[in-house]
Amino acid sequence: MTTTMRAVEYEGAGGPEVIRLVTRPRPEPGPDEVLVKVTAAGLNRADVQQRRGVYPPPPGAPDIPGLEVSGTVAAIGRDVSGWEVGASVCALLSGGGYADYVVVPVGQLLRVPMGIGLVEAASLPEVACTVWSNLFMTAGVTAGDWVLIHGGAGGIGTMATQMVAAFGGRPVVTAGSAEKLEYCRGFGAVAGIDYREEDFVERMREITDGHGADVVLDVVGASYLERNIRALAIGGRLVVIGLQGGARAELNLGLLMSRRASVTGTTLRARPAVEKAQIVAEVTEHVWPLVEAGTLRTAVEARYPLEQVVEAHEHFDSGRHTGKILLTM
Ligand SMILES: NC(=O)c1ccc[n+]([C@@H]2O[C@H](COP(=O)([O-])OP(=O)(O)OC[C@H]3O[C@@H](n4cnc5c(N)ncnc54)[C@H](OP(=O)(O)O)[C@@H]3O)[C@@H](O)[C@H]2O)c1
């Protein structure tokens, strides 16, 4: 095995022009870690936010971007059991995925679901873990729930829609065009709202016969806070996972009380390894069988070789994508 590898770094903060493909030392796995030879890495909005300088890696995480990969186990730490060199895996990371090799805490490794190719497996860990932890572990989505999913055509949105439907909930999505809403219906959305043309609070009341959303999965943040609470049913739960519309807003507590509603927010990346391992274990138990049965599909729109990482980010920045974009090593 070589002692160096290709990796992506950001030189300063800004647009895709700050992206550099460099040579770095190949990392060594610690006692509880596995070295993965990366086959593909998924792009996530966090990678773009890090590039723009507004979402630095948490303490101890690599500065190399990349929150999810697929690949093969290349070396195993002293205390690791249950995995073998050569095994096909995918992994949830706190960084480091845009490289030929990455070290992964063993609790964040997942097998590649049967029937899924090694490249497309890179599209699954971040979205599956984010959706499972927020909608099912935190918001407790159950059969019959109306779930409003903002950004239904994105990487998170396509998986959230499918998982809500698979567990008997009723996913309603927002998206920014009629074409994207049509795409969302293919993943099981029972209704779609064009957020550029329609008032999602009003439409959610109409779609649910006045009931409202039992759960809202929000990727917009401040600019949607009041409307999200207005869209909730009595006892509804708003889960904020993205801040594309800002981080600071005024909260009408009277509205919250009258709905007996709750608001939570999480970031997956900064959670301690032990919590990530718990999420990964639950995803392996509850979500992977649905992927293997074909109930949940991957949603890969484009693949770029690592040398074209700038083009991959330009594609992501354009906002015209649906589903996931991957880098292949
Ligand atoms: N907290 C966490 O742990 C965590 C983990 C993973 C991701 N996230 C967040 O989840 C979000 C989605 O991530 P992703 O990787 O799936 O990115 P993505 O594929 O680029 O999706 C972004 C989505 O946001 C939608 N959007 C933008 N402005 C909107 C608005 N005003 N109203 C409704 N939807 C709007 C876009 O919809 P259109 O394309 O239709 O315009 C798009 O579907 C990001 O904000 C990301 O930071 C959070």
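This report describes selected charged residues, the surroundings of a ligand and some backbone features in a predicted model.

## The ligand and its surroundings

Of the 25 residues around the ligand, those that come nearest are Lys180, Tyr195, Tyr224, Thr266 and Leu268. Two of these residues approach the ligand with polar atoms of their side chains: an N or O atom in the side chain of Lys180 is 2.6 Å from an oxygen atom of the ligand, and an N or O atom in the side chain of Tyr224 is 2.6 Å from a nitrogen atom of the ligand. With Gly151 the approach is made by the backbone, where an N or O atom lies 3.4 Å from an oxygen atom of the ligand. Taken alone, the ligand would expose 910 Å², and the protein buries 88% of that area.

## A buried aspartate without a salt bridge

Asp218 belongs to strand β11, which covers residues 213-218. This residue is buried and yet has no salt bridge, and Arg227, the nearest side chain of opposite charge, is 9.2 Å away. A salt bridge requires a side-chain nitrogen of Lys or Arg within 4 Å of a carboxyl oxygen of Asp or Glu.

What does the side chain of Asp218 meet in a polar contact? Its partner is the side chain of Asn228, and the contact spans 3.3 Å. When neighbours within four places in sequence are left aside, the residues in contact with Asp218 are His150, Tyr224, Asn228, Leu238, Val239, Val240, Ile241 and Gly242. Tyr224, which appears in this list, is also among the residues that come nearest to the ligand.

## Salt bridges across the chain

Side chains of opposite charge can pair when their charged atoms come close. The structure holds 16 salt bridges, and one of them joins Arg51 to Asp317, with the closest N and O atoms 2.7 Å apart. This pair links distant parts of the chain, since Arg51 lies in helix α1 (residues 45-51) and Asp317 in helix α9 (residues 309-318), 266 residues apart. The two partners can also be described by their exposure: Arg51 is buried, with a relative accessible area of 1%, whereas Asp317 counts as partly exposed at 28% relative accessibility.

Another salt bridge is formed by Asp145 and Arg237, whose closest N and O atoms are 3.5 Å apart. Asp145 lies in the loop between α2 (125-138) and β8 (146-149), while Arg237 lies in strand β12 (residues 232-240), so the pair ties together parts that are 92 residues apart in sequence. Asp145 has a relative accessibility of 10% and therefore counts as buried.

## A pair within one helix, and a network

How far apart are the N and O atoms where the side chains of Glu182 and Arg185 meet in a salt bridge? The distance from N to O is 3.4 Å. Glu182 and Arg185 are separated by about one helical turn, because they are three residues apart in helix α4 (residues 178-185). Glu182 is exposed, with a relative accessible area of 51%, and Arg185 counts as partly exposed at 39% relative accessibility. Elsewhere, Arg6, Asp100 and Glu307 are joined into one network by salt bridges that share partners.

## Arg24 in strand β2

Arg24 lies in strand β2, which covers residues 19-25. The side chains of Arg24 and Asp63 are joined by a polar contact of 2.8 Å. Apart from its neighbours within four places in sequence, Arg24 is in contact with Thr3, Thr4, Met5, Ala7, Glu9, Asp63 and Ile64.

## Exposed residues in loops

Glu250 is found in the loop between β12 and α7 (253-258), and it is exposed, with a relative accessible area of 75%. Although Glu250 and Leu225 are 25 residues apart in sequence, their C-alpha atoms are 8.1 Å apart in space.

Which sign does phi take in Asp209, a residue other than glycine? The value is positive and near 55°. Asp209 sits in the loop between α5 (200-207) and β11, where it counts as exposed at 75% relative accessibility. Arg260 likewise has a positive phi, of about 45°, although it is not a glycine. This residue is found in the loop between α7 and β13 (262-265), and at 61% relative accessibility Arg260 counts as exposed.

Terms used. Residues are numbered from 1 along each chain as its sequence is written. This is a predicted model: local features need pLDDT of at least 70, side-chain atom pairs count only at pLDDT 80 or more; totals for chains, interfaces and linings use all residues. Side-chain values use heavy atoms; hydrogens and water are left out. Helices (H or I, at least four residues) and strands (E, at least two) are DSSP runs, numbered from the N terminus. Buried means under 20% relative accessible area, exposed over 50%, partly exposed in between (1.4 Å probe, protein chains only). Lys and Arg count as positive and Asp and Glu as negative; His and the chain ends are not counted. A polar contact is a pair of N or O atoms within 3.5 Å; within protein, one must be able to donate a hydrogen and the other to accept it, and residues adjacent in sequence count only if both atoms are side-chain atoms. Contact means heavy atoms within 4.5 Å. A residue is near a molecule or strand if one of its heavy atoms lies within 4 Å of it. Accessible areas come from the Shrake-Rupley method with a 1.4 Å probe; for residues, only the protein chains shown count as cover.
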